[in-house]
Amino acid sequence: MRAELDAAGCSLTFKPAGYDATDYTIADGRLHASFASSRLRRRLQDWGVAAGIGIDDHDAFFIVGGMPFNIAVRTYAACRGESHANPGHVVPFVSDACFETAVAGLLRETPLWRLGNALAAAAPTAPIAFVSAPFYVARVEGVAGKGQPYVDMRATGDAAALAASWRRGVRRLTGSRFAVIDQPPETLATPVLTRNDFALPPRIARGQAEPVVDDAHMNAAYGAIILRLCLAWAETALSHPGRSRPPGEADGP
């Protein structure tokens with residue numbers, strides 16, 4: 001990837017993600033991070049961004065891992081839209097517009113959405129894209145509890161419909177100011193699950209005897225695919241000012 005970046009004349013600054021709205025501040029034209037986690041603080045040092053990054057030094061921004069699909073899954077557990085199956089009416093039916101508005105409202109409360117708004121205020125003309133968090137890997141269907149919603153969606157045939165509802169909810173929130181870089185189809189096992197070959201291998205965490213299985217984060221091969229999508233979007237957005245959507249994405253919610 002470094003050779004591709006050099007050929008394109010690009011340089012990237014990476015800043016680790018936080019988990020709370022207070023993890024980031026913007027002051028004096030710089031984006032600062034203040035993490036309680038010593039691990040994340042060390043990462044800031046390792047990446048050379050402990051003093052923050054200059055907003056005006058960057059042409060475009062990507063917020064990676066925003067717009068998590070599990071918010072739509074939580075909403076689906078509480079109610080179903082008109083386009084969803086609801087055998088036995090186990091939960092209330094609502095209009096699709098109501099369902100999507102609920103998804104947008106929950107996303108609005110996430111720290112990364114707040115960061116996006118702060119960046120948009122500090123850099124009003126810079127292109128900003130949210131890179132959707134990847135769907136869980138397909139093996140999650142075999143995990144008790146966490147995998148049950150996906151088993152249910154397979155049984156009702158609702159996976160594609162819920163994914164579409166989630167995307168429309170995201171668009172209700174982002175409007176025309178932000179782009180959304182969605183998970184590419186070639187990485188999907190189902191409309192709502194990632195192929196297992198993109199999963200991280202189990203790892204042994206400090207102080208634990210059993211390996212940790214991470215179903216939410218993906219490996220370097222997946223990261224390279226996403227990074228190429230990001231660079232292609234940035235090239236288009238910067239060469240056509242005012243265009244925030246990825247190439248080929250239709251306008252409208």
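Me: Before we get going, when do two strands count as paired?
Reply: DSSP looks for bridges between them, and two strands pair if it finds at least two. Keep in mind that this is a predicted model. The cut-off to remember is at least two bridges.

Me: So how many bridges join strand E5 to E6?
Reply: Strand E5 covers residues 128–132 and runs parallel to E6. One spot to look at is Ala129, which stands opposite Ala179 in E6. The number of bridges joining E5 to E6 is three.

Me: Which strands are at the edges of the open sheet with E4, E5 and E6?
Reply: The order in this parallel sheet is E4-E5-E6. An edge strand pairs on one side only, and that fits strand E4 (61–66) and strand E6 (179–181). Neighbouring strands here are turned by 25° against each other on average, direction ignored. The edge strands are E4 and E6.

Me: Which helix lies across E4 and E5?
Reply: Look for residues 111–122, a helix running at about 170° to E4. That helix is H5.

Me: There's another open sheet, E1-E2-E3, so is its pairing parallel or antiparallel?
Reply: Start with E1 and strand E2 (residues 30–33), which pair over four bridges. In E2, Ala33 is the bridge partner of Tyr24. The pairing in the E1-E2-E3 sheet is antiparallel.

Me: What kind of pair do the rings of Phe62 and Trp233 make?
Reply: A ring pair is described by the distance of the centres and the angle of the planes. For Phe62 and Trp233, the centres are 5.4 Å apart and the planes are at 70°. Planes over 60 degrees apart go in one class, so this pair is edge-to-face.

Me: Is Trp233 buried or exposed?
Reply: Its partner Phe62 sits in strand E4, 171 residues away from Trp233 in helix H8. Phe62 has 25% relative accessibility, so Phe62 counts as partly exposed. Buried means under 20%, and Trp233 has a relative accessible area of 1%, so Trp233 is buried.

Me: Which residue has its charged end over the ring of Tyr76?
Reply: Tyr76 belongs to helix H3 (residues 70–78) and is one of its buried residues. Helices H4, H6 and H7 are among what covers the buried residues of H3. The charged end over the Tyr76 ring is 3.8 Å from the ring's centre, and it belongs to Arg80.

Me: Which element of the protein chain has the lowest mean pLDDT?
Reply: The mean pLDDT of the protein chain is 86. At the highest end is strand E8 (residues 193–194), with 98. The lowest mean, 61, goes to helix H1.

Definitions and conventions
Residues numbered from 1 in each chain as written. Predicted model: local features only at pLDDT ≥ 70, side-chain atom pairs only at ≥ 80, totals over all residues. Heavy atoms only, no water. Helix = DSSP H or I, 4+ residues; strand = E, 2+ residues; numbered from the N terminus. Axes fitted to C-alpha atoms, helices over the stretch in contact; angles between N-to-C directions. Contact = heavy atoms within 4.5 Å. Buried < 20%, exposed > 50% of the residue type's maximum accessible area, 1.4 Å probe, protein only. pLDDT = per-residue confidence, 0-100. Phe/Tyr/Trp six-rings, centres within 6.5 Å; stacked < 30°, edge-to-face > 60°. Lys NZ or Arg CZ within 6 Å of the ring centre and 35° of its normal.
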